[in-house]
Amino acid sequence: MTLVESKSNVEITKRSMSDDEEIKDALFVNVSIPFIENFVLKNPGDFCVSTNLEGILYLSIVAHPNKTKKEGPRVINLRIEQSGKEYVIPGLIFARASSMGKLIYQLKNENIDILCGVLDENLSMDCLLGQSSTVMHNIHLTDKLITNQKSLYRDIQTMIYTGEMKFADGKIKEAIFEQILHCRPGSTDHKVFFEKIVNGKALSNKNLPIRLPIGAILTPPTLIYENKVELGSLLESFLKTRQSELDLTQRIKFCSSAVRILSELHQCDIYHGASQMENFYVEFAGFKPKTMKNYELVFSGANGLLIQGKSDNTVHVVDYDSTAPEVAFTRKLTKESGVFNLGRLFEQILKPDLIQSYKEESEEPRALNEMRHLISRTTHPNPTRRPTMHGVVMMIRDILQKNTQSTSPINIVHFDQFTKN
């Protein structure tokens, strides 16, 4: 995403004490707290008001660096509640007023020193950032600015279309827009939408094999992607529509691409402990040679990715059919559980070949037999007995080197992070 510091701010005056319009104009509705922390607030003294995905009202303030704690600027999120006819911050007896505007004004101009003492933070409320502050990140409130829309695909959950929009660099460009249909505030789809935006920012400068959005529309929830020469698709859809054009070699290449992606993420201390078919996306990569269509596999968005030592890897709901068996007891996703899910993914990709081998009495291809053994190793019930992602990369490379030449009109190429801009 384009990350440019926003200069958008709203002045809070005494008029706010009797008129909440200034606050309402700056209010972010149904957004996640990480979204506020990553795309709205930046400098010490910045503050904003928002409702989270559960509809709870928050005042968020960027604290000044604390030299004694050796910490950089961090965001303080204070919950605001309505108690009778008053707006209050629970636990702070001095933080109550007859309107939200009056509460913000009193904290900013009269009670900020008390707030600093109670929270043991160096706080100031210098700049109220409003809804236009995200424009410089290519994030807009509505889709009214999109022109020349052309529908590409639609199903029950998603609508994909192309359109033109003015981006943060001042240029009008064509892009691909993926809108989530029937998305209720606070639903799982809505939470994943914000995860993709926030995690996308964290990974945007790493040149990893991940399909990341370049912007977003908040209402209706829509992710904005760079417009490619040919529209890609989720791996599951690609395999269904192109199955007859793929042979065993190309399907093994898909397996190889998937593990290479996860291995590269592991090297950056990023992992997905329960990746599935839906987490991968196939992109058109040009013609080489001129008559051969090349496709590359990338990770479909950053939701679900965990950063070693930083992300909470706890799971509350476990899919016993697809998740590593130890997760049912530990409730923790790990790199080892990710290897287990990779084996399950291999089974799904190679399903046509595995079914065919059961039907035929003749000896199955050597490459398929070796892939079967590899699947058995990656899905071993004991996580300590599973190979590492890098180990799986090396094993599949050996299998492909021994395999016969492909006769498919489609060629799967590996994502090359060093050729990306």
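Author: Let's start with a handy definition: a residue is buried under 20% relative accessible area, exposed over 50%, and partly exposed in between (1.4 Å probe, protein chains only). This is a predicted model, in which local features need pLDDT of at least 70 and side-chain atom pairs count only at pLDDT 80 or more, while totals for chains, interfaces and linings use all residues. Residues are numbered from 1 along each chain as its sequence is written, and side-chain values use heavy atoms, with hydrogens and water left out.

Reader: Is Glu245 buried, exposed or partly exposed?

Author: Glu245 meets Arg242 in a salt bridge (3.8 Å, N to O). A salt bridge is a side-chain nitrogen of Lys or Arg within 4 Å of a carboxyl oxygen of Asp or Glu. With a relative accessibility of 29%, Glu245 counts as partly exposed.

Reader: How many salt bridges does the structure hold?

Author: One of them joins Glu364 and Arg372, whose closest N and O atoms are 2.6 Å apart. Here Glu364 is buried at 19%, whereas Arg372 is partly exposed at 26%. The number of salt bridges in the structure is 16.

Reader: How many residues apart in sequence are the parts that Arg211 and Glu283 tie together?

Author: These two form a salt bridge with closest N and O atoms 4.0 Å apart, and both are buried, Arg211 at 7% and Glu283 at 10%. Helices (H or I, at least four residues) and strands (E, at least two) are DSSP runs, numbered from the N terminus. Arg211 is in strand 11 (residues 210-211) and Glu283 in strand 16, so the distance in sequence between the parts they tie together is 72 residues.

Reader: Which residue is linked with Arg211 and Glu283 in a network of salt bridges?

Author: We have just met the pair Arg211 and Glu283. The other member of their network is Glu178.

Reader: Which helix gives the largest share of the largest nonpolar core?

Author: A nonpolar core is a set of buried Ala, Val, Leu, Ile, Met, Phe, Trp, Tyr and Cys residues joined through side-chain atoms within 4.5 Å. The largest has 46 residues, and Phe254 is among those touching the most other members. Several elements each supply at least two residues to this core, including helix 9 (335-349) and strand 16 (280-287). The largest share, nine residues, comes from helix 7.

Reader: Is Ser50 buried or exposed?

Author: Ser50 lies in strand 1 (residues 46-51). Among its contacts (heavy atoms within 4.5 Å) are Leu27, Phe28 and Tyr58, not counting residues up to four places away in sequence. With a relative accessible area of 0%, Ser50 is buried.

Reader: What distance separates the C-alpha atoms of Asn77 and Phe47?

Author: Asn77 sits in strand 3 (residues 75-83) and is partly exposed at 26%. Asn77 and Phe47 are 30 residues apart along the chain, and their C-alpha atoms are separated by 9.6 Å.

Reader: How many disulfides does a search of the whole structure find?

Author: A disulfide is a pair of cysteine sulfur atoms within 2.5 Å. Take Cys127, which is buried at 17%: its closest cysteine sulfur, in Cys48, is 10 Å away, too far for a bond. Across the whole structure, the number of disulfides found is zero.
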